[in-house]
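Trainee: I should like to take a close look at a single part of this model. Could you please guide me through chain B?

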Amino acid sequence: MSGSPVVAGVLTESELARYSRQILLPDFDIAGQETLGRACVLIVGLGGLGSPAALYLAAAGVGHLRLADGDTVELSNLQRQIVHDEASLGVNKARSAAQRLAALNSTTQLHVFEERLQGRALAVAIAGADLVVDASDSFATRYALNRACLEAGVPLLSAAAVRLEGQLALFDTRSGGACYRCLYPLAAADDQRQACAESGVLGPVVGILGSLLALEAVKYLAGMQTLQDEVLMLDLRTLAQYRLRLQRRPECSDCGSGAVP
Amino acid sequence: MLRVLFFARLREQLGCEALELASEPGIDSIAALRAALSERGPVWKEALADANLLAAVNKSLAEPGTPLVSGDEVAFFPPVTGG
């Protein structure tokens, strides 16, 4: 098949066919697809949340995905971290995910950071991104991402999950919204990095929250309405949901008057 | 009267998903409500001690000093960072 465009624009015939099911949506349309193709998203964490997020974003045709994770795939990850497989055991998670995503969509450009990004490396990874997806597993990483996104002026889409519960929020301070630190002002002593090891988690719980990350990312990039100034709290044991209105805290130590420049 | 809701693992820890409290003069803020609930026993004290426990009043994120009046709905959520 030739790649000549059928409609004035940048999409080829093959791309129009490939993405036809989402292009059919009136508020996504061809413009949404073209925007996705030009978009760059940094995904931090290629575990339970990052697996479905990365898979769906690559499948949807996001043009540039930056993947960051310093951990390697372990046997106990495979129950829920579905971008990896048995052949990935011992391999860095960002690299393992990139192999799977390259097979899924060869047109997505992938950039792999095989490290727990911090400081200057984190700022470099965020530079030029349209959106940062926080699929990490600790307060420390989430606070670091929050500060780096504030500095770079890039919105932060964040999810968390453990046991049978999860949370999701989009922090876009450019429009006066709250930041992650407005939600959790105190640096918690208890790091839940080992939360899944200690408290347990069902695979579909991170699957649902990771899929919601992809959903909100696609909506945000395509200019559709997203979760805004709210945290979605999901209690997946009872399937109860609660939406919590979020407001910027004027004295926030990251985005408000308490911030140290 | 205050209506208090507990979500996710708080619900399991406390064995309670909702309760109603007669308004008392002393329970006039989120911090005061947490202190009063903590008096219910060691399980309550421990469950409500988490610094990053989230509280909402009438579905808006609240702070320790957020005032409470009769008729308010308060919800408590455990912090989640896993992934």
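Mentor: The following account treats the fold of chain B and then its contact with chain A.

This is a predicted model, in which local features need pLDDT of at least 70, side-chain atom pairs count only at pLDDT 80 or more, and totals for chains, interfaces and linings use all residues. Residues are numbered from 1 along each chain as its sequence is written, while chains are lettered from A and ligands numbered from 1 in the order in which they are written.

Chain B contains 3 helices and 5 strands; these are DSSP runs numbered from the N terminus, helices being H or I with at least four residues and strands E with at least two. Read from the N terminus, their order is β-α-β-α-α-β-β-β. Chain B has a radius of gyration, taken over C-alpha atoms, of 12 Å, close to the 12 Å from the globule rule for 83 residues, so it is as compact as a globular protein of that length. That rule is 2.2 Å times the number of residues to the power 0.38. The C-alpha trace of chain B spans about 40 × 25 × 20 Å along its principal axes.

Of the 83 residues in chain B, 34% are buried, that is, 20 or more other C-beta atoms, placed from the backbone, lie within 10 Å of their own.

The contact between the chains involves 16 residues from chain B and 35 residues from chain A, two residues being in contact if their C-beta atoms, placed from the backbone, lie within 7 Å. On the side of chain B that touches chain A, strand S4 (60-62) and strand S5 (73-77) are the elements giving two or more residues.

Conventions: A residue is buried if 20 or more other C-beta atoms lie within 10 Å of its own, exposed if 12 or fewer, and partly exposed in between; C-beta atoms are placed from the backbone.
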